[in-house]
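Hi there,

Here is the structure I promised to pass on to you. Have it open beside this email while you read, and look up each place as we come to it.

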Amino acid sequence: MATVKTKRTLAKTGVIGGLVLGALFAGLPVLWMLSTSFKSNGEVFQNPPKLITSSFSFDAYTEILGNGAQLRFFLNSYLVAIAVTVLTLLVALLAGYAFSRFDFPMKKTINAVIVSVQAVPPITLVIPYFGLVVALGLYNTYPGLILTHMVFTLPYAIIMITAYLNTLPKELDESVKVDGGTGWTALWRILVPISVPGLIAVGVYTFMISWNEYLFALSLTRTDDMRTVPIGIQLLMGQHSYEWNQMMAMSILGSIPVLILFLLFQKRFIGGLTAGAVKA
Amino acid sequence: MTLLAPKTAEPVEQAAPPKRSTLARRLVPYGYLSPTLILIVVLMVVPIVMVISYSFRDNVIVQDNSVFAGLANYTKVLTDPDFLAALKNTAVFITVSMAAHLVLGLTFAMMLNTQLLSGVTKAVFRIVYILPWLFTIAVVAVIWRMLLDPSGVVNYVLHTLGLINEGVNWLGDPGKALWAVTFINIWSGYPFFMISLLAGLQGIPNDLYEAAAVDGTNWFQRFLHVTLPQLRPVIISMAVLDLIWTSQQFALIWMTTGGGPLNTTEMLSTYTYKQAFSEYEFATASAAAVLVLLITMVLAFFYVRSQRER
């Protein structure tokens, strides 16, 4: 019996050792980013490197937050991401309702097109988008970014919302229709209120995609007052002869919305994500 | 599969009193779908037609006297050594990234699925393991530019361990840059595999392991004959998704090396981008973009087929 116990302890030590090693691989770069954001720029590459230096301060953060140009990047990112999220949920909800509650010619074909949109490379789209956005007068504007971001967010949102609505019994809609209501009232009065958990998960993912988007934000805007956070981080890299502490502070500030959303909705989010990846 | 698909809507429709004409009722679902259909036409159908037509023309976008150019743009791209280098680099980048994502994702998922530790401990580790995936690529790029700097902390550690003699410029050395960006991509991408594989592992019924244990199998045999076959569908679909995403990676390369030094990290995406937005050769860029689309379509075809097999 003692050997079984020893074996178990050994296995446990092995697993913990492995987990700690992996955690260092995953977590150390993030920890180093955090630590650098509190250093003075002169100490970023000091030898030997220290996690916390004598000059520990929030200067890099106050520098970023006190700079109107940097704050503008955040404002732009919030505006675009929130608009994309609201519009995506609205459009996807209507489409999801059609897919879940109706049978109609071309249903399978339309569904297949929506699924395949996810695979089209952004780099293929960015060239005609540039031509299109310029022609429509949307170059370097919010609507140009919001519209093009929806090509990434809409397919996933439609697939997930359709799957969610499919889990809700059809009797719910019928009860409204018996009372003389239409499908429209059934959707908004009954289905939407009970779909809130599913809509939140889809909304969080949509927000993250838009917040993180890089290629379109880079190509379809020109002036600094239209740039989003990811591009702002890149601009910071070019202009200030490498203010590493500020770059790290900006990176952390730019990651906070996504980190908070993820921590709040972790369970629901992972569930939805894996369901989408496995079943979509 | 197809035969079993339930016809969901009809009972509801029949139960509703026939107030409106049949035609109007038939149009209802299209009404709900109309915003989606309009967006798909504007964001997908029109742009793809546009990029294909650009690829057969010359002087597009920047000038308005575009002329038909036949296959000239394609010949130019396919004989451009930079494009061929990009093709090769992309293949290396994808293959190594995918293999590492799978190995790391599976190893971490199995460690996180252990029965030996408490739920709380595992939850803490799980959050740490997901961290790299929560940062946008722009952030990942600046973190690693700092860490991999010649006087950065990675070089310090390697130097202290006696593995290198002087600071290595990982992202600036033509012989090392491709490996460096691939490593960064591995770091930022494995959590997605891990999350899905963890969900897959949790779905494997315990009876299978118990039955295998009764048969006197060891840990490795159970991994080979129970775990892997059970995870096969998840692994296949994740691998194809990863293939598609990694082939589209742009921001990471653009913000770390910009395709350099000497084209050693040039990818299909950065090549196409440079043709369009640095050289303003939109016609050439369109030909490259159409080739990228064709490659992706082949990959997507395998994805759909792998999904059907399940």
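Pro261(B) sits in the loop that runs between α11 (251-256) and α12 (268-278) of chain B. Please find it in your viewer, then look at the bond just before it: the peptide bond from Gly260(B) to Pro261(B) is cis, with omega near -10°. Why point this out? Most peptide bonds are trans, so a cis one is worth a second look. Please also keep in mind that this is a predicted model.

Chain A has a cis bond to show you too. There, Asn47(A) and Pro48(A) are joined by a cis peptide bond, with omega about -5°. Pro48(A) belongs to the loop between α1 (2-36) and α2 (59-65) of chain A.

While you are looking at loops, here are some backbone angles. Most residues other than glycine have a negative phi. Met106(A) is not a glycine, yet its phi is positive, near 75°. You will find Met106(A) in the loop between α3 (68-101) and α4 (107-117) of chain A. Is Met106(A) buried or exposed? Count the other C-beta atoms within 10 Å and you get 12, so Met106(A) is exposed, since the cut-off for that class is 12 or fewer.

Asn140(A) also has a positive phi, near 60°, and is a residue other than glycine. This residue lies in the loop between α5 (122-135) and α6 (142-166) of chain A. Asn140(A) has 16 other C-beta atoms within 10 Å, so it counts as partly exposed.

Now step back and look at chain A as a whole. How many helices and strands does chain A have? There are 13 helices and zero strands, and reading along the sequence you meet the pattern α-α-α-α-α-α-α-α-α-α-α-α-α. The radius of gyration of chain A is 24 Å, whereas a compact globule of 280 residues would have one near 19 Å. Along the principal axes, the C-alpha atoms of chain A fill a box of roughly 75 × 75 × 35 Å. Of the 280 residues in chain A, 45% are buried. Take the contacts in chain A between residues at least 6 apart in sequence: 77% of them join residues at least 24 apart.

The UniProt record (an unreviewed entry) adds some labels. For chain A, it lists "transmembrane region" at residues 15-34, 78-100, 112-139, 145-165, 186-211 and 247-265. You can compare some of these spans with the model. Residues 15-34 of chain A are 100% helix and 0% strand, with end C-alpha atoms 28 Å apart. Residues 78-100 of chain A are also 100% helix and 0% strand, and there the end C-alpha atoms lie 32 Å apart.

For chain B, UniProt (again an unreviewed entry) places "transmembrane region" at residues 30-56, 91-112, 124-147, 177-199, 234-255 and 282-304. Among them, residues 177-199 of chain B are 100% helix and 0% strand, and the end C-alpha atoms are 34 Å apart. Another of these spans, residues 282-304 of chain B, is 100% helix and 0% strand, with its end C-alpha atoms 32 Å apart.

Next come the domains. Chain A is divided into domain 1 (15-57) and domain 2 (59-279), and their C-alpha centres lie 32 Å apart. Nine residues from domain 1 of chain A and nine residues from domain 2 of chain A take part in the contact between them. The domain 1 side of that contact in chain A has three nonpolar, five polar and one charged residues.

In chain B, the assignment gives domain 1 (20-55) and domain 2 (74-309). Their C-alpha centres lie 35 Å apart. The contact between them takes four residues from domain 1 of chain B and six residues from domain 2 of chain B. On the domain 1 side in chain B, three residues are nonpolar, one is polar and none is charged.

Finally, have a look at where the chains meet. How many residues does each chain give to this contact? Chain B gives 74 residues and chain A gives 76 residues. On the side of chain B that touches chain A, the largest share comes from helix α2 (residues 22-55) of chain B, with 15 residues. By class, that side of chain B has 58 nonpolar, 13 polar and three charged residues.

Happy exploring!

Notes:
Residues are numbered from 1 along each chain as its sequence is written. Chains are lettered from A and ligands numbered from 1 in the order in which they are written. This is a predicted model: local features need pLDDT of at least 70, side-chain atom pairs count only at pLDDT 80 or more; totals for chains, interfaces and linings use all residues. UniProt positions are given in the numbering used here, feature names are shortened, and annotations may be inferred rather than shown by experiment. Helices (H or I, at least four residues) and strands (E, at least two) are DSSP runs, numbered from the N terminus. The radius of gyration is taken over C-alpha atoms; the globule rule is 2.2 Å times the number of residues to the power 0.38. A residue is buried if 20 or more other C-beta atoms lie within 10 Å of its own, exposed if 12 or fewer, and partly exposed in between; C-beta atoms are placed from the backbone. Two residues are in contact if their C-beta atoms, placed from the backbone, lie within 7 Å. Ala, Val, Leu, Ile, Met, Phe, Trp, Tyr, Cys and Pro count as nonpolar, Asp, Glu, Lys and Arg as charged, and the others, Gly among them, as polar. Domain bounds come from an automatic or database domain assignment.
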